[in-house]
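Here's a quick tour of a protein chain, starting with one residue and then zooming out. Have the model open as you read.

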Amino acid sequence: MSSATGGLKELHQVHLDLEACHKQLESGPRRIAACERTAARKQAEIAAQKALITDLQKNADQKNLQFRTNEQHIEDLRTKLNQANSNKEFDIFKKQIEADTQANSGLEDAYLELLELVDAAKARLQELEVELTEIDVSVKNIKDEFKALEPKVKIQAAKLDVELRAAEKCIPQKMTEMYRRLIIAHGASSLAPLDAGACSECFVELSPQNIVEVRSAQIVICKSCGRLLYSADSE
Ligand SMILES: [Zn+2]
């Protein structure tokens with residue numbers, strides 16, 4: 001097998017390795033940013049939950065105050081009842097006490113209901129805070145992981161850049177420009193091995209003549225997708 005075809009295979013591998021390095025370098029910051037967005041959303045949820053608790057608590061306090069005030073009012077009516085000068089006056093106070101007591105019982109129910117809502121909202125707040133702590137831990141882990149990985153991958157990428165320049169020497173001068181355009185457009189997939197007589201990128205079968213050309217080390221461009229073809233079993 002000729003060195004040109006073997007060169008393309010090697011060139012393809014260097015491109016693939018380099019692409020994998022770049023993907024690693026891009027995916028770290030992307031994952032960190034995504035995690036930070038999740039943390040920000042959780043913080044907003046916590047702030048909203050705190051505001052809800054404040055509102056519910058305020059409502060509960062108002063109901064409680066109203067309830068206590070009414071209780072006092074009922075007490076006053078009871079004093080008046082005991083001091084009633086006539087049966088008529090007695091009946092009036094009695095009815096008023098009954099009506100006020102009933103109204104106040106509704107108020108007490110509403111107050112107790114609000115207290116339950118406050119408790120439930122506080123429990124939810126605790127859950128949200130635990131969730132935020134978990135998110136913060138994963139942000140930190142991802143950051144630490146990437147901090148450890150980044151320098152290694154950068155060194156590897158720099159090494160591969162050197163290997164790439166050497167491997168690109170198998171591209172004939174007259175095809176250099178076309179090769180550059182291909183790399184800009186398709187990256188590592190600009191090169192494709194033959195797979196059972198077909199282009200492994202677009203799966204279109206090659207003519208028997210093209211197959212022979214690829215196998216005999218000539219650089220063949222896939223007529224369908226424009227990739228540079230090489231024989232997969234080249235040494
Ligand atoms: Zn193709």
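## One residue up close

Aspartate 233 counts as exposed, because it has 11 C-beta neighbours inside 10 Å and the cut-off for exposed is 12 or fewer. Keep in mind that this is a predicted model.

Where does aspartate 233 sit along the chain? Look in the segment after strand S4, which covers 228–230. Aspartate 233 also has a partner to check in the viewer: leucine 194 is 39 residues away in sequence, yet the two C-alpha atoms are 8.9 Å apart in space.

## Helices and strands

Zooming out, the protein chain holds four helices and four strands. Read from the N terminus, the order goes α-α-α-β-β-α-β-β.

## Two domains

The domain assignment splits the protein chain into domain 1, residues 17–168, and domain 2, residues 171–235. Going by C-alpha atoms, the centres of domain 1 and domain 2 are 59 Å apart.

## Overall shape

How far does the C-alpha trace span along its principal axes? For the protein chain, the answer is about 125 × 40 × 25 Å. The radius of gyration is 39 Å, whereas a compact globule of 235 residues would come in near 18 Å.

## Burial and contacts

Buried residues account for 11% of the 235 in the protein chain. As for contacts between residues at least 6 apart in sequence, 74% of them link residues at least 24 apart.

Key:
Residues numbered from 1 in each chain as written. Predicted model: local features only at pLDDT ≥ 70, side-chain atom pairs only at ≥ 80, totals over all residues. Domains from an automatic or database assignment. Helix = DSSP H or I, 4+ residues; strand = E, 2+ residues; numbered from the N terminus. Rg over C-alpha atoms; globule rule 2.2 N^0.38 Å. Buried ≥ 20, exposed ≤ 12 C-beta atoms within 10 Å, placed from the backbone. Contact = placed C-beta atoms within 7 Å.
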